Amino acid sequence: MSKQQGKGDLGLVALTKSFATFTAVHPLDLVVPQGSFFALLGPSGCGKTTTLRMIAGLEEPTSGRIRIGDSDITDTKAYQRNVNTVFQSYALFPHMSVLDNVMFGLRRRGDKDAKAKAKEVLELVQLEQVASKKPTQLSGGMQQRVALARALVNRPDVLLLDEPLGALDLKLRRQMQIELKRIQQEVGLTFIHVTHDQEEAMTMADSIAVMNAGRLEQLGDPATLYEQPRSTFVANFLGQSNLLRATVNPGGTDHVVTVRAHDTDLEVSREHLPEGVRDVWLGVRPEKLRLGEGGGPNQLRGIVRDVSFSGVATQYSVQMPWGQELIVVQQNDGTARAVLGETVTVSWAAQHGFALDASQDAEAGAELVDDHG
Ligand SMILES: Nc1ncnc2c1ncn2[C@@H]1O[C@H](COP(=O)(O)OP(=O)(O)OP(=O)(O)O)[C@@H](O)[C@H]1O
Ligand SMILES: [Mg+2]
């Protein structure tokens, strides 16, 4: 089960949680490599917090095991696990200074170097100047960093972060994403970051586990998940996708297969086609589509129904003869833009498409995307 689990890796083996008749987490198998920045991503209610709480020891699994390296910690008490959690609510002690907040745990355990260690972490999160202030005198972002410092000072095997940036406004959130990533790289500890924000997961994580309704939907690095989603849910939840109903034509070469979509033959790389499937959704990301014939062998004609300029890029909605509207995003690189009502050709390269089993709902996950725009 725990195939290549290394020395300090976190391993979940068929980890399950049911509440009465409801199963919040179906048997979950996962290896989180030591020292990685790992994101658990999924819509509200998919079981992220429940999974985190089981790792922390705050929730008893219904079945399955949890391991860190060689040791099985499933039955270890929460306070005896070398695991710390940072929540969205900071839960700082308001009457204590920032420094005292950070060294509180170490002191209680009689650590003689508590103060030196706390100061070192405060430097890491760039709060050494406010060490003597009270948490209430700080901004939200600063308070979040105090909470982070308080967890980091224990040098946990695994640091769990449950939507730690959820309470911050968008701009601060973006700053803290970069900051958090820097801190993780500097300390080299394993971070498991829970979020329902796909952009946040993609910017920060080395690996992302996408969860849907208590199950692991797909695991991979951000680029692979984005370029080669294996389900319509992932295709829609991580960015936008155009999905064309198509049927696989027999034959093809080692590299390319043709599919027939709305009376047009289109090419897709064989490696992006699941084996043994005939009816597919042919997916293409909006920025992979080009206006004009220069983008590749796949060409469709349509009418521009919407143009939306956003500075760096322009988003077009191009209506196909069968009524479907394709979303095309073009960088504003100085080339001429298409106008409303214009008939245009939309083209793309075979390797930019991906095919998914058509038995899935094409809209899966789309309504769950929480965009901040
Ligand atoms: N103590 C409990 N008793 C019963 N059901 C629970 C309990 N805790 C969680 N659940 C249910 O389990 C499911 C998963 O909850 P969980 O909190 O893990 O979701 P989440 O992915 O963290 O969602 P969010 O993004 O909203 O925080 C939800 O349907 C929730 O209602
Ligand atoms: Mg949650």
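**Ligand 1 and the six-stranded sheet**

An oxygen atom of ligand 1 lies 2.8 Å from an N or O atom in the side chain of Lys 48, in a model that is predicted. Besides this ligand site, the briefing covers an open sheet of 6 strands and two helices, α4, which packs on the sheet, and α5, which lies across β3, β7 and β8.

**Around ligand 1**

- The side chain of Thr 49 has an N or O atom 2.8 Å from an oxygen atom of ligand 1, and for the side chain of Ser 44 the corresponding distance to a ligand oxygen is 2.5 Å.
- Of the 640 Å² of accessible area that ligand 1 has on its own, the protein covers 59%.
- The residues around ligand 1 include Phe 19, Phe 22, Pro 43, Gly 45, Gly 47 and Glu 163, and by class the shell has 5 nonpolar, 5 polar and 2 charged residues.
- Strand β2 (22-32) and helix α1 (48-56) each supply at least two residues of this shell, with α1 giving the most, 3 residues.

**The sheet**

- Its strands follow the order β6-β7-β8-β3-β9-β10, and their pairing is mixed.
- At the edges stand β6 (83-86) and β10 (215-220), each of which pairs on one side only.
- Neighbouring strands are turned against each other by 20° on average, direction ignored.
- Strands β7 (residues 158-162) and β8 (residues 190-195) run parallel and are joined by 5 bridges, and Val 158 has Thr 190 in β8 as its bridge partner.

**Helices on the sheet**

- Helix α4 (residues 140-152) touches β6, β7 and β8, and its direction makes about 175° with that of β6.
- Helix α5 (residues 170-187) lies across β3 (37-41), β7 and β8, running at about 160° to β8.

Key
Residues are numbered from 1 along each chain as its sequence is written. Chains are lettered from A and ligands numbered from 1 in the order in which they are written. This is a predicted model: local features need pLDDT of at least 70, side-chain atom pairs count only at pLDDT 80 or more; totals for chains, interfaces and linings use all residues. Side-chain values use heavy atoms; hydrogens and water are left out. Two strands pair if DSSP finds at least two bridges between them. Helices (H or I, at least four residues) and strands (E, at least two) are DSSP runs, numbered from the N terminus. Axes are lines fitted to C-alpha atoms, for helices over the stretch in contact, and angles run from 0 to 180 degrees between N-to-C directions. Contact means heavy atoms within 4.5 Å. A residue is near a molecule or strand if one of its heavy atoms lies within 4 Å of it. A polar contact is a pair of N or O atoms within 3.5 Å; within protein, one must be able to donate a hydrogen and the other to accept it, and residues adjacent in sequence count only if both atoms are side-chain atoms. Accessible areas come from the Shrake-Rupley method with a 1.4 Å probe; for residues, only the protein chains shown count as cover. Ala, Val, Leu, Ile, Met, Phe, Trp, Tyr, Cys and Pro count as nonpolar, Asp, Glu, Lys and Arg as charged, and the others, Gly among them, as polar.
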